[in-house]
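Look at how the protein surrounds the ligand in the structure below. The paragraphs that follow go from the parts of the chain around the ligand to single atoms.

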Amino acid sequence: MTILEAIKKRHSVRSYITKKIPEDIWQELTAAINACNNEGGLHMQLVTDDADAFHTLLAHYGKFRNVRNYIALIGPKTADLDEKIGYYGEKIVLQAQILGLNTCWVALTFGKGAVRKKCEIKRGEKLVCVLALGYGETQGEFHKVKKISEICKNEMEMPKWYKTGLECALLAPTAMNQQKFAFARDGSTVSVRSTGGVYSKIDLGIVKYHFEIGAGMKNFQWK
Ligand SMILES: Cc1cc2nc3c(=O)[nH]c(=O)nc-3n(C[C@H](O)[C@H](O)[C@H](O)COP(=O)(O)O)c2cc1C
């Protein structure tokens, strides 16, 4: 599966089966997490075989079932932490999809206390959210997305790379599927801003990563 296929196939999955994740898949996932931690200066950690974080009332309210593995998204408390977590977290989400796994971003409906007990959170670091992970009962389902015209200024002739970038951005997961972001283009210079909502900085990082995959970094630069 290519990364573009992973973008198209990924949907949030909240119910998992008990099938064990093979050692080689864990190793690849761990390597992806380590690479993201090194590149982004983050401290994301894989937690396996722990049911506590999703045994809370909030998690049941969030309709999570049988979550036994997750990635705790942790990093140093800097102004850009949320956006970085979005960007690198989504890199891991798409890598997991390529490896045949399913995921769900979870910022609210999990037990923070239980995660804190399982992870190393150093002084000056923050647990931002988690990614539930495993083999899904299903592959999830497609959700309604906005139209391109709703997330950028209308253009008579849009370059192909820009259009593909926007299409991929529209397939990015956002908190409560809010999709509150707006793109703008000046030649090959692109900007994206949040138009509000909860967890909007995390969403922005996720959306930026999807756009980069669709548009191709050789075709544009961020403003
Ligand atoms: C930053 C962020 C936080 C989220 N938090 C939760 C959560 O607490 N509980 C939950 O069930 N889903 C959560 N989600 C999943 C979204 O509801 C889901 O991505 C959105 O509805 C779009 O669906 P899709 O991922 O299947 O495309 C979160 C997603 C993002 C990006």
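In this predicted model, two elements that each supply at least two residues of the shell around the ligand are β3 (102-106) and α7 (200-215). The shell can also be described by domain. Residues come from domain 1 (3-134) and also from domain 2 (148-222), so the ligand lies between the two domains. The space that the ligand takes up is the largest pocket.

What kinds of residues make up the shell around the ligand, by class? Nonpolar residues number 11, polar residues 7 and charged residues 4.

Of the 22 residues around the ligand, those that come nearest are Arg10, Ser12, Arg14, Leu108 and Thr109. For some of these, a distance to the ligand can be given. In Ser12, an N or O atom of the side chain is 2.6 Å from an oxygen atom of the ligand. Arg10 also uses its side chain: one of its polar atoms lies 2.8 Å from a ligand oxygen atom. With Leu108 the atom belongs to the backbone, where an N or O atom lies 2.9 Å from an oxygen atom of the ligand. Each of these pairs falls within 3.5 Å, the cut-off for a polar contact.

How much of the ligand's accessible area does the protein cover? On its own the ligand has 620 Å² of accessible area, and the protein covers 90% of this.

Terms used:
Residues numbered from 1 in each chain as written. Predicted model: local features only at pLDDT ≥ 70, side-chain atom pairs only at ≥ 80, totals over all residues. Heavy atoms only, no water. Near = heavy atom within 4 Å. Polar contact = N/O pair within 3.5 Å; in protein donor to acceptor, adjacent residues only side chain to side chain. Areas by Shrake-Rupley, 256 points an atom, 1.4 Å probe, with all protein chains shown as cover. 1 Å grid on protein atoms, 1.4 Å probe; cavity = no way out; pocket = protein on both sides within 12 Å on 5 of 7 lines; lining within 4 Å. Sits in = over half its atoms within 2 Å of the grid points. Helix = DSSP H or I, 4+ residues; strand = E, 2+ residues; numbered from the N terminus. Nonpolar A, V, L, I, M, F, W, Y, C, P; charged D, E, K, R; others polar. Domains from an automatic or database assignment.
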